[in-house]
Amino acid sequence: MEIVIANKSHTIYAQIICDTIAEAAQVRGTGIAKRKPEYVASKMENGNAVIALEGDKFAGFCYIEQWGHGKFVANSGLIVHPDFRNLGLAKKIKEVIFKHSRTKFPDAKVFSITTGLAVMKLNSDLGYKPVTFSELTDDQSFWDGCQTCRNFDVLTRTERKMCLCTGMLFDPKKQNKEETEALKESRFERIKKFRQNLFLKKDKK
């Protein structure tokens, strides 16, 4: 298994990547924005993606998006092919794309919105912290991308203050590199409490 920075030669996998993302959305029954093969291919050609391959077989993928004139970046479209799940591959891909993002865009804040606890745990281990949506990019084109998500109506009803996704942010200026594994674990527990409190406040209104 190899995980590499994708390039033009990997665009032949764009269709299967999009198909795998779409199938995962159906199985989970959660909100995952749709991607088009042309868009995924452009990320590969620009060196803004990583791909995992077992020989010539597609195993996993993730790409970088820039928002707010480069002030923010997001690691999006993380997917593992069903044949390679439950092997810890998602964590390895996440680590590689995060490192690539920090190298290519060292001053940018890295953010994520996700419904999955597994992704939240991966983010937490990398130093992300839970935040309100107001602390994320205000780039309208990012939020427009949520329109293909099945939960978009929730986002619009709350005036983009909350959704089923949890917002998470890595700020390079605030990151404490001395943080211990124990603190990382307690931080993940805080993420779950943060999310629960958001929805408790919403229900009380």
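## Strands, a crossing helix and an aromatic cluster

Strand 4 and strand 5 pair in the parallel sense, over 3 bridges. The model described here is predicted. One of the contacts between these two strands involves valine 73, whose bridge partner in strand 5 is valine 110. To get from strand 4 to strand 5 the chain passes through helix 3, and this β-α-β crossover is right-handed.

**The strands**

Strand 4 covers residues 72-80, and 8 of its 9 residues are buried, so it is largely enclosed by the rest of the structure. Strand 4 also pairs with strand 3: 7 bridges join them, and the two run antiparallel. Within this pairing, glutamine 66 stands opposite valine 73 of strand 4. Valine 73 therefore has a partner on each side, glutamine 66 and, in strand 5, valine 110.The hairpin of strand 3 and strand 4 has 4 residues between the strands, and in it glycine 68 takes a positive phi near 60 degrees.

Strand 3 pairs with strand 2 as well, in the antiparallel sense and over 6 bridges. Here valine 50 stands opposite cysteine 62 in strand 3. The hairpin of strand 2 and strand 3 has 2 residues between the strands, and glycine 55 in this hairpin takes a positive phi near 70 degrees. Strand 2 (residues 49-54) has 5 of its 6 residues buried, so it is largely enclosed by the rest of the structure. Strand 1, made of residues 2-5, runs antiparallel to strand 2 and is joined to it by 4 bridges. Isoleucine 3 has alanine 52 as its bridge partner in strand 2.

The strand pairings are listed below.

| Strands | Sense | Bridges |
|---|---|---|
| Strand 1 and strand 2 | antiparallel | 4 bridges |
| Strand 2 and strand 3 | antiparallel | 6 bridges |
| Strand 3 and strand 4 | antiparallel | 7 bridges |
| Strand 4 and strand 5 | parallel | 3 bridges |

**Helix 3**

Helix 3 runs over residues 89-104, which makes 16 residues. From its first C-alpha to its last it reaches 22 Å, close to the 22 Å expected at 1.5 Å a residue. Its buried residues are Leu89, Ile93, Lys94, Ile97, Phe98, His100 and Ser101. Seen down the helix axis, these buried residues fall within an arc of 165 degrees, so they line one face of helix 3. Lys99 and Thr103 are exposed, and they sit on the face turned away from the buried side of helix 3.

**The aromatic rings**

In the whole structure, 10 aromatic pairs are found. One of them joins tryptophan 67 and phenylalanine 142, with 5.3 Å from centre to centre and 75 degrees between the planes, an edge-to-face arrangement. This pair links distant parts of the chain: tryptophan 67 belongs to strand 3 (residues 57-67) and phenylalanine 142 to helix 5 (residues 140-144), 75 residues apart. Both tryptophan 67 and phenylalanine 142 are buried.

Phenylalanine 142 also pairs with phenylalanine 111: the ring centres lie 5.0 Å apart and the planes are at 75 degrees, so this pair is edge-to-face. Phenylalanine 111 lies in strand 5 (residues 109-114), 31 residues from phenylalanine 142 in helix 5, and this pair too links distant parts of the chain. Phenylalanine 111 counts as buried because its relative accessibility is 1%, under the 20% cut-off. Phenylalanine 142, at 9% relative accessibility, counts as buried.

Ring pairs link Trp67, Phe72, Phe111, Phe133, Phe142 and Trp143 into a cluster.

Notes:
Residues numbered from 1 in each chain as written. Predicted model: local features only at pLDDT ≥ 70, side-chain atom pairs only at ≥ 80, totals over all residues. Heavy atoms only, no water. Phe/Tyr/Trp six-rings, centres within 6.5 Å; stacked < 30°, edge-to-face > 60°. Buried < 20%, exposed > 50% of the residue type's maximum accessible area, 1.4 Å probe, protein only. Expected span 1.5 Å × (residues − 1). Arc of directions from axis to C-beta. Pairing = 2+ DSSP bridges. Right-handed = clockwise from strand over helix to strand, strands pointing away.
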